[in-house]
Amino acid sequence: MSIFEKLLDIEQKYQVRLHEGENFKQALYNDRMTDADDCIIDKIELIIKHYPDSKDIQLSTYQSDDTSEITFCYAVVVPY
């Protein structure tokens, strides 16, 4: 199952809306995401567990810039 199918499954299973930011989409499509698919899903489920009343979740990234020695791009998940 692809990450996109997993995200749709999360929306249906928990009745939440995932808002994918442009940087998040680009990192997934261009295979630049450092986090594994399961790690992203775990982060989303953790937010759902700790903020059960929040039905909107923002997906974004925290990524390295040109000054970083190591290139990274982590998923950031916050209640919206």
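## The nonpolar core

Let us start in the middle: the largest nonpolar core has 19 residues, and among them Ile44 and Ile57 touch the most other members. The model shown here is a predicted one. Several elements build this core, with α1, α2, α3, β2 and β3 (73–79) each giving at least two residues. The largest share comes from α3, which supplies 5 residues. In soluble globular proteins, nonpolar side chains tend to be buried together.

Ile57 is a good residue to look at next. You will find Ile57 in strand β2, and its relative accessibility of 1% means that Ile57 counts as buried. Apart from neighbours within four places in sequence, Ile57 is in contact with Val16, Arg17, Leu18, His19, Ile44, Ile47, Ile48, Val77, Val78 and Tyr80. One of these partners is Ile44; the two residues are 13 residues apart in sequence, with 7.9 Å from C-alpha to C-alpha.

## Helix α1 and its two sides

Now turn to helix α1, which covers residues 3–14. α1 has 12 residues and reaches 16 Å from its first C-alpha to its last, close to the 16 Å expected at 1.5 Å a residue. The buried residues of α1 are Ile3, Lys6, Leu7, Ile10 and Glu11. Looking down the axis of α1, these buried residues fall within an arc of 145°, so they line one face of the helix. An α-helix has 3.6 residues a turn, so residues three or four places apart point the same way.

What do the buried residues of α1 pack against? Their partners are β1 (17–20), α2 (22–29), α3 and β2. On the other side of α1, Leu8, Gln12 and Lys13 are exposed.

## Where α1 ends

Glu11, one of the buried residues of α1, has a polar contact to look for: its side chain reaches the backbone nitrogen of Leu18 at 2.9 Å. Beyond residues up to four places away in sequence, Glu11 touches Val16, Arg17 and Leu18. Just after α1 comes Gln15, which takes a positive phi of about 55°.

## Aromatic pairs

The structure holds 3 aromatic pairs. One of them joins Phe4 and Tyr29, which are stacked at 5.1 Å centre to centre, with 20° between the planes. Phe4 lies in helix α1 and Tyr29 in helix α2, so this pair ties together parts that are 25 residues apart in sequence.

Is Tyr29 buried or exposed? Its relative accessible area is 56%, over the 50% cut-off, so Tyr29 is exposed. Phe4 counts as partly exposed because its relative accessibility is 29%, which lies between the 20% and 50% limits. Elsewhere, Tyr62, Phe72 and Tyr74 form one aromatic cluster.

## A serine in a loop

Finally, have a look at Ser54, which sits in the loop between α3 (37–50) and β2 (56–63). Ser54 has a relative accessible area of 17%, so this loop residue is buried, as the cut-off is under 20%. A polar atom of the Ser54 side chain lies 3.0 Å from the backbone oxygen of Asp56.

Which residues does Ser54 touch, not counting those up to four places away in sequence? They are Val16, Pro79 and Tyr80. Val16 and Tyr80 also appear among the contacts of Ile57, and Val16 is one of the residues that Glu11 touches.

Note on methods
Residues numbered from 1 in each chain as written. Predicted model: local features only at pLDDT ≥ 70, side-chain atom pairs only at ≥ 80, totals over all residues. Heavy atoms only, no water. Helix = DSSP H or I, 4+ residues; strand = E, 2+ residues; numbered from the N terminus. Buried < 20%, exposed > 50% of the residue type's maximum accessible area, 1.4 Å probe, protein only. Polar contact = N/O pair within 3.5 Å; in protein donor to acceptor, adjacent residues only side chain to side chain. Contact = heavy atoms within 4.5 Å. Expected span 1.5 Å × (residues − 1). Arc of directions from axis to C-beta. Phe/Tyr/Trp six-rings, centres within 6.5 Å; stacked < 30°, edge-to-face > 60°. Core = buried A, V, L, I, M, F, W, Y, C linked by side-chain atoms within 4.5 Å.
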